[in-house]
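I opened my notebook to look up a few things in this structure. Here is what I wrote down as I went along.

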Amino acid sequence: HFRMVFFYFRLYELSSGAYLAKQYLSNYFITKLATAAVFEFPRRSDAKSNLSKLGQDVNPYLDKFIEEKSLAKSGLKALRWTTLGYHHNWDSREYGSEVGSRGTVPELLKTLAQEISKSFQITPVLNAEASICNYYPANIGTIGIHSDDSEYCYHPIVSVSLGLPAVFLLGQGTRDDPCHEILLEHGDIFIMDGKDRQALHAVPRVLDLDRALKIDENYEKKITAVEDKIVYEYLKQSRINLNIRQVN
């Protein structure tokens, strides 16, 4: 047993349905989650990644990062996504339904989905059937405007932010309409629900550590709380966004 959530966190709610919980996760759980996202999830035999799709092995990149502690020198910045459980097809924007096209969602993520369901009174409890782990190297990692409409249901999507801060845009209608501009930081949870469940959204920028420190002079201390020093080095150079989805 371990404490997953801080005793105190700040909660914001948009009238359109989304929730933002600032510094929701405990440092201990962040360490477990970040370590798994970097060193376990891409190596799972039933996971898929942008590297495995190209026939590349992630292990040499990870080994080199442990040695160099640099995304650029190790080549680990080439790792951009890992899918778990039901695998999302980026070309067709669908989930494969046949048994061979899906793996298992790690227990760590299932536990997180259950805890968040309790905290935010999500009923029925979110069934973690799929997860997409995105890796955003500072200043170069982005994702364009899109909506998450591949699932066959309307259960909320839970997103966890780890590492460097990102500018997150959440649409309020069409591409031409105004949008919410939100800074997602280390340890934040963002839940897309209600009208925001299928809203257009994008991540146009991930700030580097120097820019993060200009916003919050204690930002590096937040990341330093990660006990694994190799993972800490990764989070100083990148952002991880890990989302949990119910497909059916």
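**Entry 1: His 201**

I began with a simple query: is His 201 buried or exposed? His 201 has 7% relative accessibility, and buried means under 20%, so His 201 counts as buried. I kept in mind that this is a predicted model. I then looked for the place of His 201 in the chain and found this residue in strand S13, which covers residues 201-206. Next I checked what its side chain reaches. A polar atom of the His 201 side chain lies 2.9 Å from the backbone oxygen of Ala 199. I also looked at the UniProt record, an unreviewed entry, which lists His 146, Asp 148 and His 201 under "binding site".

**Entry 2: the sheet that holds S13**

Since His 201 is found in S13, I went looking for the sheet around that strand. Which order do its strands take? I read S8-S13-S10-S11, an open sheet of 4 strands with antiparallel pairing. The edge strands are S8 (143-146) and S11 (179-184), and each of them pairs on one side only. On average, neighbouring strands in this sheet are turned by 20° against each other, direction ignored.

I picked one pair to follow in detail. S10 (residues 166-171) and S11 pair in the antiparallel sense, and I noted 6 bridges for them. Leu 170 stands opposite His 180 in S11.

**Entry 3: the sheet of 8 strands**

I found another open sheet, this one formed by 8 strands with antiparallel pairing. Its order is S1-S2-S12-S9-S14-S7-S4-S3. Strand S1 (10-13) and strand S3 (48-49) stand at the edges with a single partner strand each, so one side of each is left without a neighbour in the sheet. Helix H5 (residues 107-119) packs on this sheet, where H5 touches S4 (81-85), S7, S9, S12 and S14 (238-245). I wrote down about 70° between the direction of H5 and that of S14.

**Entry 4: strand S12 and its partners**

I spent some time on S12, residues 189-192. A reminder I put in the margin: in a regular strand the side chains alternate between the two faces of the sheet. What do I find on the two sides of S12? Ile 189 and Ile 191 are on one side, Phe 190 and Met 192 are on the other, and all are buried. Both faces of S12 are therefore covered, as I read with the reminder. I then followed the partners of S12 one by one.

- S2 (residues 19-22) and S12 pair in the antiparallel sense over 3 bridges, and Tyr 19 stands opposite Ile 191.
- S9 (residues 157-163) is joined to S12 by 4 bridges, and these two strands run antiparallel.
- Val 160 has Ile 189 as its bridge partner in S12, while Ile 157 has Met 192.

**Entry 5: Ser 131**

My next stop was Ser 131, in strand S7 (residues 130-137). Ser 131 is buried, with a relative accessible area of 1%. What does its side chain reach at 2.8 Å? I found the backbone oxygen of Asn 243 there. Leaving aside neighbours within four places in sequence, Ser 131 is in contact with Thr 82, Thr 83, Leu 84, Leu 109, Leu 242 and Asn 243.

**Entry 6: Tyr 234**

I turned to helix H8 (residues 229-235), where Tyr 234 has its place. This tyrosine is buried too, at a relative accessible area of 2%. Beyond its neighbours within four places in sequence, Tyr 234 is in contact with Val 38, Phe 65, Leu 71, Leu 76, Tyr 135 and Ile 240. I also compared Tyr 234 with Tyr 86: they are 148 residues apart in sequence and 27 Å apart in space, C-alpha to C-alpha.

**Entry 7: the whole chain**

Last, I stepped back to the full protein chain. How many helices and strands does the chain have? I noted 8 helices and 14 strands. A compact globule of 248 residues would have a radius of gyration near 18 Å, and the 17 Å of this chain agrees with that. The C-alpha trace spans about 45 × 45 × 45 Å along its principal axes. Of the 248 residues, 53% count as buried. Among contacts between residues at least 6 apart in sequence, 74% join residues at least 24 apart.

Conventions. Residues are numbered from 1 along each chain as its sequence is written. This is a predicted model: local features need pLDDT of at least 70, side-chain atom pairs count only at pLDDT 80 or more; totals for chains, interfaces and linings use all residues. Side-chain values use heavy atoms; hydrogens and water are left out. Two strands pair if DSSP finds at least two bridges between them. Axes are lines fitted to C-alpha atoms, for helices over the stretch in contact, and angles run from 0 to 180 degrees between N-to-C directions. UniProt positions are given in the numbering used here, feature names are shortened, and annotations may be inferred rather than shown by experiment. Buried means under 20% relative accessible area, exposed over 50%, partly exposed in between (1.4 Å probe, protein chains only). A polar contact is a pair of N or O atoms within 3.5 Å; within protein, one must be able to donate a hydrogen and the other to accept it, and residues adjacent in sequence count only if both atoms are side-chain atoms. The radius of gyration is taken over C-alpha atoms; the globule rule is 2.2 Å times the number of residues to the power 0.38. Contact means heavy atoms within 4.5 Å.
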